[in-house]
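Q: Please take a close look at one part of this model, the site around the bound ligand. Walk me through what lines it and what holds the contacts there.

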Amino acid sequence: MPRFEVRPFGDVLGADIVGFPFDDFSQDDVDEMRRAWIEHSVVRFRDTDIDDATQIRFSSCLGPFVIHPRQLQQGKHTGHPEILVISNKKKEDGSPAGDLGDGEVRWHTDTWFKERPPSAAILRALEVPPTGGDTYFSSMYRAYETLAPELKKAVEGRSIHHQTVYDGRGEIRLGMSKPESDDVRTWPGVAHPIVRTHGESGRKALYLGGSPKYSWIIGLPLDESRAILDQLWAHVANPDFVWRQVWKKGDMVMWDNRCVMHRRDSFAPDAIRLMHRTTIEGERPV
Ligand code: OGA
Ligand code: MN
């Protein structure tokens, strides 16, 4: 018998997990929860009253951690290297105490420019602004299933060259420099299939990564690639596949980074938003 209840939000994505025994849970409880998560792609726990150590123990039942380089940057961690702080808070010297600031974050999947992007991200709200900063999740299963037939055919068997020079905000990544050529096809990057098959559910999902601007569909002329990518990126924002999380303090949301994209609204700079995030290793997309 599960020790908690699963309440789906609808038939596209998302479910509340109600009554998860955070005070006293076993690997079996997390495995049971994981099955619901695979089915619904995003799960939410409300009114959690847990500390970092509990979030870390819960997350460790899902697989090995990904330690983001920024997690180790001085002062951004919380004493637990497994936790990435997502916040607009500032340290005493005025430098950022967390990642992502107060700005809008556009549609993406996390760390798409790595060979093995994470499988799961677990984000827990410690402080939330009165308005703004909502997070939206879009089902890439549904996006794939509803692609126009000619678009489905155009991307079948194809991969995207995800360049690794610029990040999602258009800034040069650490250790990279401006390429000599404007031709993105010559830039360093990683290739991932546009349609990936989820290793656990067996379902096909659209996989676009996180930065439309410099992406290229390998093997296609640049203009053709651009036209197809623009159509694909417009498609994932279809409100029919999207669920919106309006955060309350104590919410913890866990998304499947293999089959959902997410984005975030901006919020007022004088408000404080503080989230603690853990991230779990994933497989190479196939
Ligand atoms: C992230 C992210 C969205 C948010 O942590 O990867 O995109 O709502 N966060 O802060
Ligand atoms: Mn993200």
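A: Start with the arginine at the end of the shell list. In this predicted model, the side chain of R277 places an N or O atom 2.5 Å from an oxygen atom of ligand 1. R273 makes a similar kind of pair: an N or O atom of its side chain is 2.8 Å from a ligand 1 oxygen. For H262, the distance from a side-chain N or O atom to an oxygen of ligand 1 is 3.1 Å. The protein covers 97% of the 290 Å² of accessible area that ligand 1 has on its own.

Now the surroundings. Ligand 1 takes up the space of the largest pocket. Around it stand I86, L100, H108, D110, L123, T135, W255, H262, R264, R273 and R277. By character, this shell splits into four nonpolar, three polar and four charged residues.

Next, the metal. Ligand 2 is a manganese ion, and its protein donors are H108 through NE2, D110 through OD and H262 through NE2. These donors lie 2.1 to 2.2 Å from the ion. Along the sequence, the donor residues follow the spacing H-x1-D-x151-H. D110 and H262 link distant parts of the chain, 152 residues apart. D110 sits in the loop between β6 (105–108) and β7 (120–127). H262 belongs to strand β16, residues 260–264.

The two sites share residues. H108, D110 and H262 appear in the shell of ligand 1, and H108, D110 and H262 are also the protein donors of the manganese ion. H262 has a further role in the picture, with its side chain 3.1 Å from a ligand 1 oxygen, counted from an N or O atom.

How values were computed:
Residues numbered from 1 in each chain as written. Chains lettered and ligands numbered in written order. Predicted model: local features only at pLDDT ≥ 70, side-chain atom pairs only at ≥ 80, totals over all residues. Heavy atoms only, no water. Near = heavy atom within 4 Å. Polar contact = N/O pair within 3.5 Å; in protein donor to acceptor, adjacent residues only side chain to side chain. Areas by Shrake-Rupley, 256 points an atom, 1.4 Å probe, with all protein chains shown as cover. 1 Å grid on protein atoms, 1.4 Å probe; cavity = no way out; pocket = protein on both sides within 12 Å on 5 of 7 lines; lining within 4 Å. Sits in = over half its atoms within 2 Å of the grid points. Nonpolar A, V, L, I, M, F, W, Y, C, P; charged D, E, K, R; others polar. Donors = N, O, S within 2.8 Å, 3.2 Å for Na, K, Ca; no water. Helix = DSSP H or I, 4+ residues; strand = E, 2+ residues; numbered from the N terminus.
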